[in-house]
Amino acid sequence: MASGSRIDLTNQFLIAMPGMADGNFSRAVVYVCAHSAEGAMGFIINQPQQLSFVDILRHLKIVGDEDAILLPDETRDFPIQKGGPVESGRGFVLHSDDYLTQSSIPVSDEICLTATVDIIRAMSRGRGPKKASLLLGYAGWGPGQLEEEIAQNGWLHCAATESLIFDRSLDNKYDRALALMGINPAMLSMEAGHA
C-alpha cells in the first residue's frame with residue numbers, strides 16, 4: 001500500500017478467507033478494536049471456550065461452590081469465547097456502553113472494552129452491561145502485518161454490527177458475517193487471484 005492510503009479497520013469485522021494458514025483463525029470472525037500504524041488488536045467473536053462463566057467466577061474467587069448453584073440460569077449459561085491466541089489466560093469484556101468504569105475504553109459509539117475484574121463481579125450480580133461478550137485472549141498484529149495479510153488474501157473486512165458481536169449463537173456466525181458483504185461462503189476461492 002502506498003503511504004497515506006492506510007485504511008482504519010477499527011470497528012470492522014475481519015473474516016478469515018478459506019485458505020487462512022493460521023489454524024487459530026480458521027473460519028474466524030474478528031472484531032477489530034484498535035488499528036493504527038503501530039498495529040492492530042481485535043477479538044475472535046465466533047469460537048467457543050471450554051470454560052463456563054461459573055468456572056471463571058470460581059477461579060477469580062467471586063463465588064464458591066455453594067454460591068455457584070444459587071446463580072440464575074442466565075448467569076450460569078453466559079458463554080465464554082476464545083478471543084485470540086495472545087494472552088489466552090487474560091479476560092476481556094466487549095460490552096454495550098450502558099456500563100462504564102474508569103477502566104472502560106470506548107471502541108465505537110455503542111461498544112466498549114473493559115478488562116478488569118469489576119465488570120465480571122458486576123455481571124455475576126446482574127448489574128453489568130445489557131450486552132456483553134467475555135473473551136479469553138486477543139488477536140494482535142504488529143505494524144503493517146494486518147495490511148500484508150489482507151493484501152495476501154487472508155482476510156475480508158466489512159463494517160461491524162453490534163447484533164453480530166453480541167449474538168450468542170456462534171455456530172453460523174462466520175456465514176452470517178459473510179452475508180453482511182453479500183457473499184456466499186461456497187463461492188470463496190482458497191487461492192488469491194483466481195476466480
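Cys112 has a relative accessibility of 2% and therefore counts as buried, the cut-off being under 20%. In this predicted model, Cys158 is likewise classed as buried, because its relative accessibility is 10%. A search of the whole structure nevertheless returns zero disulfides. The points below take up the cysteines, helix α7, Phe166 in helix α6, and the aromatic pairs.

**Cysteines**

- A disulfide is a covalent bond between the sulfur atoms of two cysteines.
- No such bond is found anywhere in the structure, the count of disulfides being zero.

**Helix α7**

- Helix α7 spans residues 173–180, and its buried residues are Lys173, Tyr174, Ala177 and Leu178.
- These four residues lie on the same side of α7, because the arc they cover around the axis is only 140°.
- In general, an α-helix has 3.6 residues a turn, so residues three or four places apart point the same way.
- The packing partners of the buried α7 residues include three strands, β1 (12–16), β2 (29–36) and β9 (155–159).
- Helix α6 (162–166) also packs against the buried residues of α7.
- Gly182, located just after α7, adopts a positive phi of about 75°.

**Phe166 in helix α6**

- Phe166 belongs to helix α6.
- Its relative accessibility is 11%, which means that Phe166 counts as buried, since the limit is under 20%.
- When neighbours within four places in sequence are set aside, Phe166 is in contact with Leu94, His95, Ser96 and Ile111, and also with Lys131, Ala132 and Ser133.
- Phe166 and Ile45 stand 121 residues apart along the chain, yet a distance of 8.3 Å separates their C-alpha atoms.

**Aromatic pairs**

- A pair of aromatic rings is described by the distance of the centres and the angle of the planes.
- The structure contains seven aromatic pairs.
- One of them joins Phe25 and Trp155, whose ring centres are 5.5 Å apart; their planes meet at 75°, so the pair is edge-to-face, a class that requires an angle over 60 degrees.
- This pair links distant parts of the chain, with Phe25 in the loop between β1 and β2, Trp155 in strand β9, and the two positions 130 residues apart.
- Phe25 and Trp155 are both buried.
- Together with Trp141, Phe25 and Trp155 make up one aromatic cluster.

Notes:
Residues numbered from 1 in each chain as written. Predicted model: local features only at pLDDT ≥ 70, side-chain atom pairs only at ≥ 80, totals over all residues. Heavy atoms only, no water. Buried < 20%, exposed > 50% of the residue type's maximum accessible area, 1.4 Å probe, protein only. Arc of directions from axis to C-beta. Contact = heavy atoms within 4.5 Å. Disulfide = S-S within 2.5 Å. Phe/Tyr/Trp six-rings, centres within 6.5 Å; stacked < 30°, edge-to-face > 60°.
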